[in-house]
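Here is a brief report on one structure. It covers loop residues and the surroundings of a ligand.

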Amino acid sequence: MKGTIHYCLEELMLEKYGQDAWENCVQLMGYEEGFSFDLAIRDDIDEKESINLFVKAAEAANVSIPQIFDDFGEHWCCVYAPTLYGAFFEGSNNTKQALLNLDWVHSVVTKKIENARPPRFHYDQLNEDVLEIEYKSDRHLIDLFISLIKGLNKKYGDHSMIEKLSEAKIRLTFNVDETKVIDRSAVEVPTEA
Ligand code: HEM
């Protein structure tokens, strides 16, 4: 996976959990002291190593993996990507618009970054407020995808409800009354027979 993901995780660790937590993560990963992904954002990092980095980051910060995914989603959407890839957010004023742009964003990234193999998305707009998205990636990181959507909700101050329908599909309901939003992102909702 592209090093930009790793560098965002490093930045988040430093900003939210501090230098010691990041150094601890570096040590758990077996990297040299003082290691940074800052010059590696376009590099291809081994897939297993990439997942392991999230696991070790959680361990070093003493939080759960779902928590580190949520932290990453928030940092990517609210801080890191707007700074580095701001143009991709232009024209999007809410979570729904940003999500509908996502497949285009990732396909453009594919063209611009050599060897990129980003996830792709297929949309099924059931009505104005309900959108189902099929997540297509052999990395099977739908939980990270969900955390990134939570990050978009934070960025735009939205309260869209996220339901995980399977390991490859989610349902979003927009414009839900804030007090009625139930976090069902971790719960698999049985599909109708
Ligand atoms: C400015 C916006 C964005 C850019 C430029 C961008 C770019 C990228 C890049 C370069 C990768 C690594 C791909 C690879 O290694 O081949 C990636 C991975 C990923 N992106 Fe984005 N991204 C953006 C926003 C988002 C948002 C908002 C979401 C979800 C709501 C998202 C979901 C994901 C997921 C889940 C992955 C993990 C890889 C996988 O599942 O296969 N991205 N993105």
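Where is His-140 found? His-140 sits in the loop between β2 (130-136) and α6 (142-156). This is a predicted model: local features need pLDDT of at least 70, side-chain atom pairs count only at pLDDT 80 or more, and totals for chains, interfaces and linings use all residues. Residues are numbered from 1 along each chain as its sequence is written. Helices (H or I, at least four residues) and strands (E, at least two) are DSSP runs, numbered from the N terminus.

**Positive phi in loops**

His-140 is not a glycine, yet its phi is positive. Asn-62 is not a glycine either, and its phi is positive too. Asn-62 belongs to the loop between α3 (47-61) and α4 (65-84).

| Residue | Phi |
|---|---|
| Asn-62 | about 60° |
| His-140 | about 55° |

Is Asn-62 buried or exposed? A residue is buried with 20 or more other C-beta atoms within 10 Å of its own, exposed with 12 or fewer, and partly exposed in between; C-beta atoms are placed from the backbone. Asn-62 counts as exposed because it has 10 C-beta neighbours inside 10 Å. His-140 has 11 other C-beta atoms within 10 Å, so it is exposed.

**The ligand shell**

The ligand has 25 residues around it (C-beta atom, placed from the backbone, within 6 Å). Lys-2, Tyr-85, Phe-88, Ser-137 and Leu-148 come nearest. Two or more shell residues come from each of α1 (3-17), α4, α5 (95-112) and α6. The largest share, 5 residues, is from α6.

By class, the shell has 19 nonpolar residues (Ala, Val, Leu, Ile, Met, Phe, Trp, Tyr, Cys and Pro), 3 charged (Asp, Glu, Lys and Arg) and 3 polar (the others, Gly among them).
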